[in-house]
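Reader: I've got this model open and I'd like to work through it with you. Where do we start?
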There are 2 protein chains.
Amino acid sequence: MADTAQLFADAVGTDRVLAVDVINDDYTHDEALTAEPVTPAAVVLPETTEEVATILRTATEHGIPITARGAGTGMSGGCRPIDGGVVVSFERMDDILEIDRENFVAVVQPGVQLDELDEALAPFGLAYQVYPGEYSATLGGNVSTNAGGMRAVKYGVTRHHVLGLEAVLATGETIRTGGKIVKVSTGYDLTQLIVGSEGTLALVTEVTLKLYPRATHGATVLAPFPTIEAVTKAVPKIVASGVGPQILEYIDMLTMAAATAFVGLDLGIPDDIKEAALAYLVVSMESMHDDRLEADVVAVSELLFELGAMDVYVLPPAAAAGLIDAREKAFWVAKANDADDVVDVVVPRAAIPDFMARVAAIAADNGAWIAGCGHAGDGNVHMAVFQKDPEIRSTIMKALFAAGMALGGAISGEHGLGTEKKRYFLELEDPTKIELMRRIKAAFDPNGILNPGTIFD
Amino acid sequence: MADTAQLFADAVGTDRVLAVDVINDDYTHDEALTAEPVTPAAVVLPETTEEVATILRTATEHGIPITARGAGTGMSGGCRPIDGGVVVSFERMDDILEIDRENFVAVVQPGVQLDELDEALAPFGLAYQVYPGEYSATLGGNVSTNAGGMRAVKYGVTRHHVLGLEAVLATGETIRTGGKIVKVSTGYDLTQLIVGSEGTLALVTEVTLKLYPRATHGATVLAPFPTIEAVTKAVPKIVASGVGPQILEYIDMLTMAAATAFVGLDLGIPDDIKEAALAYLVVSMESMHDDRLEADVVAVSELLFELGAMDVYVLPPAAAAGLIDAREKAFWVAKANDADDVVDVVVPRAAIPDFMARVAAIAADNGAWIAGCGHAGDGNVHMAVFQKDPEIRSTIMKALFAAGMALGGAISGEHGLGTEKKRYFLELEDPTKIELMRRIKAAFDPNGILNPGTIFD
């Protein structure tokens, strides 16, 4: 066993450590399209919070970089290992510790997967409402990137559902923040600071999540529009209607065709509409009451026609599930089609038409192809960029981010910066804020062992 | 003009500065019952963000402590001046800069009052959903303490509605965080860190707030219960029912009698019920649809009977408004009755019965009288403590906070720590977290000029 692996084997036991010669390729990367895989010096698999603390004390003592890892489904390289560093994988800390039906919270270890949590909650009529596209993602990973997903238009993103954390600091102390409480004004909100910090501030060992009653009825309508501008202009009106959609997604023509083909879905849309529609809006609603849902579907359908929809399809449940599934797989479709990078710029909801116009100009100016879909209700635009030349692509990426920021948005709505988007962040963001964030980082991690190279250089 | 006042007059103009001899008593305190008034060396009244930056640069240069002030309605001494320090009052920065109906946000200066914002939003059918009891409070003050209030059971507290900030750092740099966007994963969440920091991290000069469609229909039901335990046990069941109450408050017998008398309200409850009821539950619901609201009222009323309510009154609108008003005035009632301190401990919702039992024991053990009401849906228990002896009262306060924390709660759900609750925080909280918060404080405010004495010593 190499030196580094041996250090951790001595600290927490040989059966908790994978040395470099037995490390599976899976540990060397996440799903970022641009990050070269890196094999770490060791992968450590803690089973308890105490072991995590021991690992971090050992890493601090020896100055070894630590990269926390959930399921590796991230999009920005945030869990890509550091050369000579150690990956702490939470795959063995995967217990749902408690489902508290009186306080409407679940307490989970970071290695619990979204699909596992959902399965455990369903029998109780409860739901955790954050669903990024990939259900095999872990709660720990979701906390790390502040994951979002399609339901965010109604329920918000991960940070809105994390009520408390147990976390281990770089120097080995374990803290507990928040709890089974929905409000607190007692010192600084460490919970919200750690959520979205991409493994750079602390390692999360337990998460207390807010739950909701599980809606008993749901419906999805699909509306083709003649232009992407028409679809994006309809979005603020639907939000303003007060119907409270659970999902409000736009899908451009190319993405719709590729994604439905990818999952083998036929939505029964007539060919003449398919040919004329440049973009689609997907609106899902949910309720505890069948009659209220039906009334909402009628109201939304009428509104969609008023807003210029070419037609409105109330999808049968299987088709609706298929369409949501296809939308969730948009990344895999892009990857299968050899996309070169993906972005998830967020802009004010009403600025999507402006932003999309700038995207089209950026693509044209740089001889690139940019296809997309996105969380229209949130202003969170997901795009696949097709341009092989890394220098031109870098120009495109920077232009996309700068355009989003100029409209009052940010580089990432839910993917995070990781190693792959940080250079744009460091170039485009206000240096005063970056310096402030660096000082916060130092307040948590004075020796800089937690995920160096993510967010900051 | 004394030296300190002159410094700031030189920096931002004489008409922006009140020197010590003309400082109104209002500036010397907030509404904390235990804090002795302090007259600052000067009150500065900036009119622009640039002036705030100049004020902070001057304060940094001369090492002068700065206390930010909104309307002075805080409960924990968070805006009490520091001897020799300067109060920055935001009363002249009171413009509603924008009501954006497409993105559903309002952009306001910190001196805007809640009632002013509500009045401006009503004609557009929009609402800002945080309503702490005092509508003359400012948005800046609300951001500072992360104010809550009765609607938090449905809508959350201030931090859930603040999408972005403009803030000036102690050293004079102005930063902008977040924006008109509902999600962001682009570095650390500075917005959420500043919210609730009680003027110790930065001075907020602009707030971007999330708005909602304003419900067109509302109803309030009042249910007397034979015991406080019965009322608190009913709460999780009502939340679990999925009806989504906008307000879910408990009011104990003493507070109900005193508060309704204070506002001259007769709810028409028969004497025999009044005599037998030890506590009341108030449930308000809202909807865009009259028929849905009616169905919800029926469902909640039936549920309340099942849960042991002695009767259920659907209040006429005027009586409902009167009752909410009376509940909001509970603090003033306590003050008028010579209460010695107030607390707003937060515990997990389902732990309220346990907590109330401990409160009763603490009161009995210490010869004190503790009356209360609270945001039952949030587990946020507001109590007035009647005990003149400061040493005994201190024992009581510490016991109340320790009891709340032992049940998984925190010292304050919405009032904050200020100068008046910090000693309990510093004594009872995990020292590792306190040290971490101190380092965060230093990252923002290396010279410690922002509200020293609040949260920390």
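Author: Let's start with a term. A polar contact is a pair of N or O atoms within 3.5 Å, where one must be able to donate a hydrogen and the other to accept it. Keep in mind that this is a predicted model.

Reader: OK, so how many residue pairs are in polar contact across the interface of chain B and chain A?

Author: The rule finds 33 such pairs between chain B and chain A, with both residues at pLDDT 80 or more. As for which parts of chain B face chain A, the elements giving two or more residues are β9 (174-178), α6 (190-194), α7 (228-240), α10 (290-306) and α16 (431-444). The top contributor is α16(B), with nine residues. Sorted by class, that side of chain B has 32 nonpolar, 25 polar and 17 charged residues.

Reader: What area is buried between chain B and chain A?

Author: The general idea comes first: the size of an interface is often given as the accessible area lost when the parts come together. Here chain B and chain A bury about 5,900 Å² between them, and carbon and sulfur atoms give 61% of that. Three residues are worth clicking on: B:K183, B:S185 and B:Y188 supply 16% of the area that chain B buries against chain A, more than any other three residues. In residue terms, the contact takes 74 from chain B and 74 from chain A.

Reader: And how many salt bridges are found across the interface of chain B and chain A?

Author: Side chains of opposite charge can pair when their charged atoms come close. Across this interface the rule finds eight salt bridges. B:K183 turns up again here, since its side chain meets that of A:D378 in a salt bridge at 3.1 Å, N to O. Over all chains, a search of the whole structure finds 54.

Reader: Can you show me one within a single helix?

Author: Sure. A:K233 and A:E229 form a salt bridge, with their closest N and O atoms 3.4 Å apart. Both residues lie in helix α7 (residues 228-240) of chain A, four residues apart, about one turn of the helix.

Reader: Let's move to domains. Which domains does the assignment give for chain A?

Author: Chain A is assigned domain 1 (2-91), domain 2 (96-213), domain 3 (217-329) and domain 4 (338-421). Take domain 1 and domain 4 of chain A, whose C-alpha centres lie 31 Å apart. Their contact takes nine residues from domain 1 and 12 residues from domain 4.

Reader: How do I read that contact?

Author: Just as you read the one between chains. Domain 1 and domain 4 of chain A bury about 810 Å² between them, 54% of it on carbon and sulfur atoms. The count of salt bridges between these domains is one. A:E420 forms a salt bridge with A:R80, the closest N and O atoms being 3.5 Å apart. The rule also finds six residue pairs in polar contact across this domain interface, both residues at pLDDT 80 or more. On the side of domain 1 that touches domain 4, the residues divide into four nonpolar, four polar and one charged.

Reader: Now sheets. What is the strand order in the open sheet of seven strands in chain B?

Author: The order is β15-β12-β14-β13-β17-β18-β16, with antiparallel pairing. At the edges sit β15 (313-314) and β16 (341-346) of chain B, each pairing on one side only. Inside the order, β17 (residues 369-375) and β18 (residues 380-386) of chain B run antiparallel and are joined by seven bridges. To check the register, find B:G372: its bridge partner in β18(B) is B:M383.

Reader: Where would I look for a hairpin?

Author: Try chain A, where four bridges join β5 (residues 96-100) to β6 (residues 105-108), running antiparallel. A:E98 stands opposite A:V107 in β6(A). This hairpin has four residues between the strands, and A:F104 takes a positive phi near 55°.

Technical notes: Residues are numbered from 1 along each chain as its sequence is written. Chains are lettered from A and ligands numbered from 1 in the order in which they are written. This is a predicted model: local features need pLDDT of at least 70, side-chain atom pairs count only at pLDDT 80 or more; totals for chains, interfaces and linings use all residues. Side-chain values use heavy atoms; hydrogens and water are left out. Contact means heavy atoms within 4.5 Å. Buried area is the accessible area (1.4 Å probe) that two parts lose on being put together, summed over both. A salt bridge is a side-chain nitrogen of Lys or Arg within 4 Å of a carboxyl oxygen of Asp or Glu. A polar contact is a pair of N or O atoms within 3.5 Å; within protein, one must be able to donate a hydrogen and the other to accept it, and residues adjacent in sequence count only if both atoms are side-chain atoms. Ala, Val, Leu, Ile, Met, Phe, Trp, Tyr, Cys and Pro count as nonpolar, Asp, Glu, Lys and Arg as charged, and the others, Gly among them, as polar. Domain bounds come from an automatic or database domain assignment. Two strands pair if DSSP finds at least two bridges between them.
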